[in-house]
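Visitor: I would like a close look at one part of this protein. Please take me to the place where its two halves come together, and then on to whatever connects with it.

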Amino acid sequence: MNQTTFPSNRMIPVNTPLLDGNEKQYLNECIDSGWISSEGPFVKRFENEFARVVDRKHAIACANGSGALDIAVAAAGIGQGDEVIMPTFTIISPAASVVRAGGVPVLVDSDPKTWNMDVSQMEERITAKTKAIIVVHVYGLPVDMDRVLDIANRYGLVVIEDAAEMHGQTVRGRPCGSFGAISTFSFYPNKHITCGEGGMVVTDNDTIAEKCQGLRNLCFQPHRRFVHEELGWNYRMTNMQAAIGLAQLQRLDSHVGRKREIGQMYGERLSAIPELELPLSETDYAKNIYWVFGVVLSDSFQGTTQQVAELLGQKKIGTRPFFWPMHWQPVFQKLGLFHDEHYPVAERMARQGLYLPSGLGLANLEIEHVCVSLKAILNDLTKSRTS
Ligand SMILES: *Cc1c(COP(=O)(O)O)cnc(C)c1O
């Protein structure tokens with residue numbers, strides 16, 4: 001392919017969603033019928049279909065993935081002083097939910113190969129106060145759930161699975177979102193399926209499901225509305241969001257297939273670059289679904305991650321830095337958490353990692369352009385330091 005054919009003034013955003021199925025038709029049905037609130041019929045349809053796809057008995061749709069975690073943490077009974085084991089390398093949402101509930105996040109470093117929480121470090125973090133484990137599958141490869149569930153069973157811990165980045169992923173053939181007591185998803189536009197903003201809590205347990213339904217709806221009681229025994233949130237999903245979500249869910253397999261194609265294209269084009277560490281394409285229990293295509297700059301690389309991101313930005317190529325670990329978050333340090341804690345693998349990824357345009361709307365020509373541009377930038381930075 002001729003690289004000069006790429007129009008140099010066109011922006012390649014870090015994410016563009018793909019909305020080319022029944023989205024418009026279903027959305028029109030909402031408007032034509034007047035059902036736009038959470039009472040509309042698409043919410044139940046989306047929940048039922050989603051539960052089926054992830055092999056769960058119940059699905060509870062809600063406003064976003066962070067809200068889904070708030071609901072899951074509350075429904076799991078995590079409260080004052082309860083310790084919850086989780087990765088340091090993640091988005092802030094799981095730790096925020098635990099801290100708001102009065103619990104204490106207890107952190108685990110990452111595995112340098114899969115970028116996920118290092119399961120072999122979990123057991124040594126368990127104390128008499130440990131109540132739960134929040135697993136977060138990061139960037140495209142899942143955590144080995146068999147090992148997590150084994151530890152949880154031996155110590156009697158609740159498992160919450162944050163599967164926000166794992167639609168359509170499996171562990172040894174079983175769907176992500178089917179493990180542990182409660183799993184959560186997000187439908188933000190950069191996830192494998194989106195509804196603009198949205199989330200889902202899934203569980204097999206009838207009592208937990210009922211709790212979750214209450215928690216997302218202010219804990220209204222069926223027999224006497226406006227009298228409350230507990231505090232919930234308004235985390236309801238609208239019929240319009242669910243309409244888009246259902247249309248997206250019908251395309252899940254093709255979305256995951258395309259993400260794998262994008263991941264493979266990047267992998268082939270960037271694998272020979274000594275300055276880059278690339279994501280593993282598979283483990284013995286799962287194949288990468290490349291929620292995002294991340295790269296980690298090697299220790300010997302002379303430039304900085306910010307420089308690379310800035311130079312790509314000048315070429316109108318969007319990137320995002322990797323997660324900033326929980327033990328480095330000013331908000332948690334101000335609360336007195338994680339004092340003097342160090343997690344070297346996560347720290348290195350935070351400093352040296354960034355991800356490239358990875359959205360489902362990305363064209364092959366754009367992937368070529370990103371790879372050619374990145375190579376040129378790394379070359380220039382390496383030369384300018386050595387000359
Ligand atoms: C996106 C994401 C969330 C948050 O979802 P929102 O819908 O943006 O609130 C939570 N956890 C993980 C791992 C995510 O990737």
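Guide: What follows starts at the domain interface and works outward, residue by residue.

Keep in mind that this is a predicted model. The domain assignment splits the chain into domain 1 (23-249) and domain 2 (252-386). Their C-alpha centres lie 26 Å apart. On the domain 1 side, 43 residues make contact, and they meet 42 residues of domain 2. Together the two domains bury about 3500 Å². Carbon and sulfur atoms carry 71% of that area. Three residues stand out on the domain 1 side: Trp115, Tyr139 and His192. They supply 23% of the area that domain 1 buries against domain 2, more than any other three residues. As for charge pairs, the rule finds one salt bridge across this interface.

Take Tyr139 next. It sits in the loop between β4 (130-136) and α5 (145-155). Its phi is positive, about 70°, although Tyr139 is not a glycine. Is Tyr139 buried or exposed? Its relative accessible area is 3%, which is under the 20% cut-off, so Tyr139 counts as buried. Tyr139 also belongs to an aromatic cluster. The other members are Phe89, Trp115, Trp291, Phe322, Phe323 and Tyr355. Trp115 and Tyr139 thus appear twice: in this cluster and among the three leading contributors of domain 1.

Val296 gives another view of these rings. It lies in strand β11 (residues 293-297). It is buried, at a relative accessible area of 1%. Leaving out residues up to four places away in sequence, Val296 touches Trp115 and Phe322, both members of the aromatic cluster. Its other contacts are Glu275, Leu276, Glu277, Arg348, Gln352 and Gly353. Tyr355, a further cluster member, is 59 residues from Val296 in sequence. In space, the two C-alpha atoms are 8.6 Å apart.

Now step back to the aromatic pairs. The structure holds 21 of them. One is formed by Phe46 and Phe187, with ring centres 5.1 Å apart. The planes make an angle of 50°, and the pair is classed as tilted. Phe46 lies in helix α2 (residues 41-53), whereas Phe187 is in the loop between β8 (182-186) and β9 (199-203), so the pair ties together parts that are 141 residues apart in sequence. Both rings are out of reach of the probe: Phe46 is buried at 0% relative accessible area, and Phe187 is buried at 0% as well.

Helix α2 also has a charged story. Glu47 is the residue to watch. How far apart are the closest N and O atoms of Lys44 and Glu47? They are 3.1 Å apart, in a salt bridge. Lys44 and Glu47 are three residues apart in helix α2, so about one helical turn separates them. Lys44 is partly exposed, at 45%. Glu47 is buried, at 3%. Glu47 has a second partner, Arg216, with closest N and O atoms 2.9 Å apart. Arg216 lies in the loop between α6 and α7, and Glu47 in helix α2, so this salt bridge ties together parts that are 169 residues apart in sequence. Arg216 is buried too, with a relative accessible area of 16%. Lys44, Glu47 and Arg216 are linked in a network of salt bridges.

The loop that holds Arg216 also holds Cys219, between α6 (206-215) and α7 (239-249). Cys219 has a positive phi, near 55°, and is not a glycine. It is buried, at 11%.

Other charged side chains deserve a glance. In total the count comes to 17 salt bridges. One of the 17 joins Asp146 and Arg172, at 2.3 Å, N to O. Asp146 is in helix α5, and Arg172 is in the loop between β6 (170-171) and β7 (174-175), 26 residues away. Both ends are partly exposed: Asp146 at 37% and Arg172 at 42%. Two arginines lie over ring faces instead. Arg45 lies over the face of Tyr26, 5.6 Å from the ring centre. Arg225 lies over the face of Phe226, also at 5.6 Å from the ring centre.

Methods: Residues are numbered from 1 along each chain as its sequence is written. This is a predicted model: local features need pLDDT of at least 70, side-chain atom pairs count only at pLDDT 80 or more; totals for chains, interfaces and linings use all residues. Side-chain values use heavy atoms; hydrogens and water are left out. Helices (H or I, at least four residues) and strands (E, at least two) are DSSP runs, numbered from the N terminus. Buried means under 20% relative accessible area, exposed over 50%, partly exposed in between (1.4 Å probe, protein chains only). Rings of Phe, Tyr and Trp (its six-membered ring) pair if their centres lie within 6.5 Å; planes under 30 degrees apart count as stacked, over 60 as edge-to-face and the rest as tilted. A charge sits over a ring if NZ of Lys or CZ of Arg is within 6 Å of the ring centre and within 35 degrees of the ring normal. Domain bounds come from an automatic or database domain assignment. Contact means heavy atoms within 4.5 Å. Buried area is the accessible area (1.4 Å probe) that two parts lose on being put together, summed over both. A salt bridge is a side-chain nitrogen of Lys or Arg within 4 Å of a carboxyl oxygen of Asp or Glu.
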